[in-house]
Amino acid sequence: MLRRSPFKFQQWKAWIQPWQGMDKILFGVVVTLTLLGGLLIRSTQLRGGWTDWVQHWVTGLVGIGIALLLARFRYHLILRWHWILYLLTNLSLLLVVFIGTSELGAQRWISVGGFNLQPSEFAKVGAIISLAALLQHWRADKLVSIFRTLAIIALPWGLVLIQPDLGTSLVFGAVSIGMLYWARAKLGWIFLALSPLISVILSNIPIQEPLKYQIYGGWAFFLASVAAFSFKHKIFAAISAVSLNGLAGFLGQKAWGLLKDYQQERIILFIEPEKDPLGGGYHLIQSRIAIGSGGLFGQGLNNGHQTKLQFIPEQHTDFIFSAIGEQLGYVGSVAILVAFWVICWRLVMIARTSKDDFGSLLCIGILSMVIFQVFVNISMTIGLAPVTGIPLPWISYGRSALLTNFIALGLAESVANHRQVKRF
């Protein structure tokens, strides 16, 4: 009977020792989604070239290597360089303004060696690192700390917004809110910080006058109540909250005219895509048909009619979930959602067991980024949100986005690998 050589076993054990503390479940689920993403991308391009799915897997392989290197790296050393990373993040976004290439009405890419890189994708990780470094020193239980933190993140957010990249700028907002909450900001403060956005939306929805005044009045009363309960100077806080939201609504009406035509079209048509079935509403209508035709178990990989005949534009990127729904059905769609739930669960566990606040905040920032992107991407394919161009993490085609997600994974695995407490 052959026995394993103790010497070879010790060599193998010594080789994998630097990654012993990694979260294997998190890593395994992400790699599985990346592999599945390549198959789904291939299924959307059977009538054309197959290069995109190969590039997806090659980029994924590079991303896995980066994630493993970062997992071995001690994440807290980033603290020494976080201002330099913040500077590089903003410089890369600024370069897009001057030397960036344009596609589909937006200037978001920089051409490097024949490849188009999207700095706004990598800026997501830069923002997470910056916020984590700041919030570990300035806890969010004081308003001055919140304003200071938001002022720091305002620069990269603004540079992304002017590209214009509305989807990524919304990711910045979601990341900021999630990390502020984890840093002990009051829920009332977070709600009031979000309230101007709601006021802008309300101000641009066409409502008949009697009902319009009732809604505005109820919204103002609710804002005043939240502000009064959240601050010591209740009357001043209530008046300020209502006034600022009134100003936001007024400016929102004026700013509507500043949006690009395609952005206005996306916001309007997601409510009723049938108004322009061959134009702006075409994506959403075809996506709904594809997902609905999948039934319980789907039509099988490479067998979806909408997918094979390429009825859905950009299906390998923004609308990849429609391919999932058509080919894998309800069961496959739920399985994908469960996989993302597992990723979020593991990120929360790593955040809770991190040995310091910096590592915990890093994981919560990554968690917020993943949750928001998954929610918005799936919602826009089924008509619950406007089309914003946000990819489905690790599944949609997009080299910059895929590398960004693997860098984020590597940072989370570094936190897991170097914690010194009980693991779950």
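Two residues are in contact when heavy atoms of theirs lie within 4.5 Å. The structure is a predicted model, in which local features need pLDDT of at least 70 and side-chain atom pairs count only at pLDDT 80 or more, while totals for chains, interfaces and linings use all residues. Residues are numbered from 1 along each chain as its sequence is written, and side-chain values use heavy atoms, with hydrogens and water left out.

**Exercise 1. Describe the surroundings of L347.**

Step 1. L347 is placed in helix α14; helices are DSSP runs of H or I with at least four residues, strands are runs of E with at least two, and both are numbered from the N terminus.

Step 2. Its relative accessible area is 3%, so L347 is buried. The classes are buried under 20% relative accessible area, exposed over 50%, and partly exposed in between, with a 1.4 Å probe and protein chains only.

Step 3. Leaving aside residues up to four places away in sequence, L347 touches L26, C363, I366, L367 and A412.

Step 4. The C-alpha atom of L347 is 9.2 Å from that of S360, which is 13 residues away along the chain.

**Exercise 2. State the overall composition of the protein.**

Step 1. The protein has 16 helices and three strands.

Step 2. Of its 424 residues, 47% count as buried.

Step 3. Of the contacts between residues at least 6 apart in sequence, 72% join residues at least 24 apart.

**Exercise 3. Determine how helix α5 packs against α16 and against α6.**

Step 1. Two packed helices are described by the angle between their axes and the distance between the axes. Axes are lines fitted to C-alpha atoms, for helices over the stretch in contact, and angles run from 0 to 180 degrees between N-to-C directions. Angles under 35 degrees count as roughly parallel, over 145 as roughly antiparallel, 65 to 115 as roughly perpendicular, and the rest as oblique.

Step 2. Helix α5 (residues 119-135) and helix α16 (residues 399-417) have axes that come within 7 Å and cross at roughly 25°. The two helices are therefore roughly parallel to each other.

Step 3. On the α5 side, this contact is made by E121, F122, V125 and I129; on the α16 side, by S400, A401, L403, T404, I407, A408 and L411. These residues divide into eight nonpolar, two polar and one charged. Here Ala, Val, Leu, Ile, Met, Phe, Trp, Tyr, Cys and Pro count as nonpolar, Asp, Glu, Lys and Arg as charged, and the others, Gly among them, as polar.

Step 4. Helix α5 also packs with helix α6 (residues 143-161), at an angle of about 175° and with the axes 10 Å apart. That makes α5 roughly antiparallel to α6.

Step 5. The residues S120, A127, L131, L134 and L135 of α5 meet T149, I152, I153 and V160 of α6. This contact divides into seven nonpolar residues, two polar and no charged.

**Exercise 4. Analyse the aromatic pairs and the charges over rings.**

Step 1. Rings of Phe, Tyr and Trp (its six-membered ring) pair if their centres lie within 6.5 Å; planes under 30 degrees apart count as stacked, over 60 as edge-to-face and the rest as tilted. The structure holds eight such pairs.

Step 2. Y75 and F358 are stacked, at 6.2 Å centre to centre with 20° between the planes. Y75 lies in the loop between α3 (51-72) and α4 (82-99) and F358 in helix α15 (residues 357-381), so this pair ties together parts 283 residues apart in sequence. Both Y75 and F358 are buried.

Step 3. W341 and W345 are also stacked, with 5.8 Å between centres and 15° between the planes. They are four residues apart in helix α14 (residues 320-352) and therefore separated by about one helical turn. W341 counts as exposed because its relative accessibility is 56%, whereas W345, at 34%, counts as partly exposed.

Step 4. F191, W219 and F222 are linked by ring pairs into a cluster.

Step 5. A charge sits over a ring if NZ of Lys or CZ of Arg is within 6 Å of the ring centre and within 35 degrees of the ring normal. R346 lies over the face of W345, 4.5 Å from the ring centre, and R42 lies over that of W53, at 5.9 Å.

**Exercise 5. Examine the backbone at R184 and W394.**

Step 1. Most residues other than glycine have a negative phi.

Step 2. R184, in the loop between α7 (166-182) and α8 (187-204), has a positive phi near 75°. Its relative accessibility of 61% makes R184 exposed.

Step 3. W394, in the loop between α15 and α16, has a positive phi near 70°. At 3% relative accessibility, W394 counts as buried.
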